[in-house]
Amino acid sequence: MEDVIMGYSQLPKYSPVIAITKAYKDIMLLDECGFPSVCKYGEWMIFDDFIINVLTKRCDHLIYIVDNDSTGNRVMTIYQDKYDLPVWSTPIEKDPSDFVKANNADKTPLIELLNNFKLSLYAKF
């Protein structure tokens, strides 16, 4: 089961950004917001080099959407140290689903935050 990549078959051939997240519920929500994403069965199942390489060939930026909790922070460190992936998280809530719930099921604030993050990935410093 550790070799299953949820959301992979729904990915477009190319996307400016593809997100790695931890749960299928986040894949569904992010897809509704225009952000293709993938995950494995379980937050501690880290994608290997081969899969990271396959994903990076389908996008300009592969990102990790981290949960605002201790486990999310530990996994974020792995993705940053091993793959130097940009990371994003909701401002206060644990994950994107909780963020939308806190905004009365309105996805607009989440879409705005994600789009601002995407723009920052393309910014030249």
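**Exercise 1. Determine which residues of H5 are buried and where they lie around the helix.**

Solution. Step 1: helix H5 has Leu110, Leu114, Phe117 and Leu121 as its buried residues, where buried means under 20% relative accessible area, exposed over 50%, and partly exposed in between, with a 1.4 Å probe and protein chains only. Viewed along the axis of H5, these buried residues fall within an arc of 60°, so they line one face of the helix; the arc is that of the directions from the helix axis to the C-beta atoms. An α-helix has 3.6 residues a turn, so residues three or four places apart point the same way.

The model is predicted: local features need pLDDT of at least 70, side-chain atom pairs count only at pLDDT 80 or more, and totals for chains, interfaces and linings use all residues. Residues are numbered from 1 along each chain as its sequence is written, and side-chain values use heavy atoms, with hydrogens and water left out.

Step 2: H5 covers residues 108-122, which is 15 residues, and reaches 21 Å from its first C-alpha to its last, close to the 21 Å expected at 1.5 Å a residue. The expected span is 1.5 Å times one less than the number of residues. Helices (H or I, at least four residues) and strands (E, at least two) are DSSP runs, numbered from the N terminus.

Step 3: on the face of H5 turned away from its buried side are the exposed residues Asn116 and Leu119. The buried residues of H5 pack against S1, helix H1 (24-32), S3, S4 and helix H4 (96-102), contact being heavy atoms within 4.5 Å.

**Exercise 2. Give the strand order of the sheet and state which strands are at its edges.**

Solution. Step 1: the sheet is open, has four strands in the order S2-S1-S3-S4, and its pairing is parallel. Two strands pair if DSSP finds at least two bridges between them. Strand S2 (37-38) and S4 are the edge strands, each pairing on one side only.

Step 2: S1 and S3 are joined by five bridges in the parallel sense, and isoleucine 20 has tyrosine 64 in S3 as its bridge partner. S3 and S4 also run parallel, with two bridges; here isoleucine 65 has tryptophan 88 in S4 as its partner.

Step 3: six of the seven residues of S3 are buried, so S3 is largely enclosed by the rest of the structure.

**Exercise 3. Describe the helix H3, its buried face and the β-α-β unit that contains it.**

Solution. Step 1: H3 spans residues 70-83, has 14 residues and reaches 20 Å from first to last C-alpha, close to the 20 Å expected at 1.5 Å a residue. Its buried residues are Thr71, Gly72, Val75, Met76, Tyr79 and Tyr83. Looking down the axis of H3, they fall within an arc of 135°, so they line one face of the helix.

Step 2: the buried residues of H3 pack against strand S1 (15-20), helix H2 (49-56), strand S3 (59-65) and strand S4 (87-88). S3, H3 and S4 together make a right-handed β-α-β unit. A crossover is right-handed if, with the strands pointing away from the viewer, the path from the first strand over the helix to the second runs clockwise.

Step 3: aspartate 49 is in helix H2 and is partly exposed, at 48% relative accessibility. Aspartate 49 touches Lys82 and Tyr83, not counting residues up to four places away in sequence. The C-alpha atoms of aspartate 49 and tyrosine 83 are 8.5 Å apart, although 34 residues separate the two along the chain.

**Exercise 4. Locate residues with positive phi at aspartate 84, asparagine 104 and alanine 105.**

Solution. Step 1: aspartate 84 follows H3 and has a positive phi, near 55°.

Step 2: asparagine 104 is in the loop between H4 and H5. Its phi is positive, near 55°, in a residue other than glycine, and asparagine 104 is exposed, at 72% relative accessibility.

Step 3: alanine 105 is in the loop between H4 and H5, has a positive phi of about 65° although it is not a glycine, and is exposed at 56% relative accessibility.

**Exercise 5. Explain why cysteine 33 and cysteine 39 form no bond.**

Solution. Step 1: the structure has zero disulfides, a disulfide being a pair of cysteine sulfur atoms within 2.5 Å.

Step 2: the sulfur of cysteine 33 has its closest cysteine sulfur in cysteine 39, 16 Å away, which is too far for a bond.

Step 3: cysteine 33 is buried, with a relative accessible area of 8%, and cysteine 39 is buried at 0% relative accessibility.
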